[in-house]
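The following exercises treat helix packing, burial and backbone geometry in a single model. Each task is followed by a worked solution.

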Amino acid sequence: MQASAMSKLRNWLHLPISFHKRVGYLVCGACLSPEHEFRFMLVNKMQRDLNSSNVLENCAALLAVTRVITADMVPAVCGDVTKLLMHSNETVRNKAVIALHRLFQLNPEAIPAHEFVEKLRRALCDRDPAVMGASLCVIERMVTHDPSPFKDLVSSLVSILKQIIEHRLPSDFDYHRMPAPWMQMAILRILAILADGDAHASSECYEVISDCLTRADVGANAGYAVVYECIRTITKVYPNPVLLDAAAESISRFIASRNHNLKYLGVTGLASTVEQHPKYEAIHQLAVVECLEDRDETLQRKTLELLYKMTNPVNVEFITDKLLSFLEATTDMFLKRDLTNKIGTIAERYAPNQEWYVRSITKLFEINGELV
């Protein structure tokens, strides 16, 4: 970068909050490499703007934090960003949560966990729904990393999800007739982790997951996405027969749809279901096999993966015949190699007798012998 351009940037960033200062931060984030020395020179300026009494300066600095800060710079601004979680202005609080999410992504070890978790709990109960929604992204990231500090949040998350599906949030958060679908999906993903293998926590979730699944089926893509997350959550929490049956019914509708995207959702949802609850595979076996004839290559690959997971001593002959027929017809070398390994594995693992095993492996050699 030319010296004159650097000089202009410095001048812009020291002006009172204005269009020029915002442009200065934007240019730094877009044009400077992570190793550029000028990024480190910006830290003092960002710290002053983060501690400013001017809301616009706070917002500009928080946006700059998400674009300019590197992993080494996280400790320098973490404390100032955390303070802004308690700011009186909801826009500043919202941007502070987003900035902390970015800092945690860059350098989770530099974040003071106890203080960070406590402030996130408050953000989750913020009176502004946008702040609450932003906090869900950070909580989901942290729960994936370590769920133990958030185990007692199950009841709060259930309460928030109930408020959302009952349309208690402002209509500004609706999308295609669905109330805050992204918040619903984030909460469902968090509940799936927190309630995994925990009978007590799961029992708190059953009712709201059932309501969410029922209300989300509105015929819109956003609704289908929420239904899919409900199915995934149902397969993760402590098993509940009623919910599993409801999930299986939704999967049936997805697989029977003419829409490729919905078929893919159905196949993916069934894959997560049969992994923990194999009894549901027999119901959908024929419908899944029909998906192999679809022209969509992504759907074909997902279907093949599902059939491999569904194989057992009862259906091994039927599924192996279908996989061999597909292998014979395909010209995709990557798929041929993967499918050859899968057929060899299930034939060896589930062979009903030696005669069938020899016959199947012989056919596999005839079709794709060089890859066996």
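**Exercise 1. The nonpolar core**

Task: State how many residues the largest nonpolar core has and which of them have the most contacts inside it.

Solution. Step 1: The largest nonpolar core comprises 120 residues. A nonpolar core is a set of buried Ala, Val, Leu, Ile, Met, Phe, Trp, Tyr and Cys residues joined through side-chain atoms within 4.5 Å. Buried here means under 20% relative accessible area, exposed over 50%, and partly exposed in between, with a 1.4 Å probe and protein chains only.

Step 2: Leu 103, Leu 136 and Leu 157 are the residues with the most contacts inside this core. In soluble globular proteins, nonpolar side chains tend to be buried together.

The basis of these values should be kept in mind: the model is predicted, local features need pLDDT of at least 70, side-chain atom pairs count only at pLDDT 80 or more, and totals for chains, interfaces and linings use all residues. Residues are numbered from 1 along each chain as its sequence is written, and side-chain values use heavy atoms, with hydrogens and water left out.

**Exercise 2. Leu 157 and Leu 124**

Task: Determine which residues Leu 157 touches, not counting residues up to four places away in sequence, and whether Leu 124 is buried or exposed.

Solution. Step 1: Leu 157 is in contact (heavy atoms within 4.5 Å) with Leu 124, Leu 136, Ile 187, Ile 190, Leu 191 and Leu 194, residues up to four places away being excluded.

Step 2: Leu 124 belongs to helix α7, residues 113-124. Helices are DSSP runs of H or I with at least four residues, strands are runs of E with at least two, and both are numbered from the N terminus. With a relative accessible area of 2%, Leu 124 is buried.

Step 3: Under the exclusion of residues up to four places away, Leu 124 touches Met 132, Ser 135, Leu 136, Ile 139, Leu 153, Leu 157 and Ile 160. The C-alpha atoms of Leu 124 and Asp 196, 72 residues apart along the chain, are separated by 21 Å.

**Exercise 3. The packing of α6 and α8**

Task: Characterise how helix α6 and helix α8 pack, giving the angle and the axis separation.

Solution. Step 1: The axes of α6 (residues 90-106) and α8 (residues 129-145) are 8 Å apart, and the packing angle is about 15°. Axes are lines fitted to C-alpha atoms, for helices over the stretch in contact, and angles run from 0 to 180 degrees between N-to-C directions.

Step 2: α6 is therefore roughly parallel to α8; angles under 35 degrees receive this label, over 145 roughly antiparallel, 65 to 115 roughly perpendicular, and the rest oblique.

Step 3: The crossing of α6 past α8 is left-handed, that is, the near helix is turned anticlockwise from the far one by less than a right angle, a clockwise turn being right-handed.

Step 4: The residues of this contact divide into 9 nonpolar, 5 polar and 3 charged. In this scheme Ala, Val, Leu, Ile, Met, Phe, Trp, Tyr, Cys and Pro are nonpolar, Asp, Glu, Lys and Arg are charged, and the others, Gly among them, are polar.

**Exercise 4. Helix α16 and its partners**

Task: Describe the crossings that α16 makes with α14 and with α18.

Solution. Step 1: The axes of α14 (residues 260-276) and α16 (residues 297-310) come within 10 Å and cross at roughly 20°. The two helices are therefore roughly parallel, and α14 passes α16 in a left-handed crossing. The contact of α14 with α16 has 8 nonpolar, 3 polar and 4 charged residues.

Step 2: For α16 and α18 (residues 333-350), the axes come within 11 Å and the crossing is at roughly 15°. That makes α16 roughly parallel to α18. The crossing of α16 past α18 is left-handed. On the α16 side, Arg 301, Leu 304, Glu 305 and Tyr 308 make the contact. By class, this contact has 6 nonpolar, 1 polar and 4 charged residues.

**Exercise 5. Positive phi outside glycine**

Task: Compare the settings of Arg 177 and Ala 180.

Solution. Step 1: Arg 177, not a glycine, has a positive phi of about 70°. Arg 177 occupies the loop between β1 (174-175) and β2 (178-179) and is exposed, at 60% relative accessible area.

Step 2: Ala 180, likewise not a glycine, has a positive phi of about 40°. Ala 180 lies in the loop between β2 and α10 (181-194) and counts as buried, at 6% relative accessibility.
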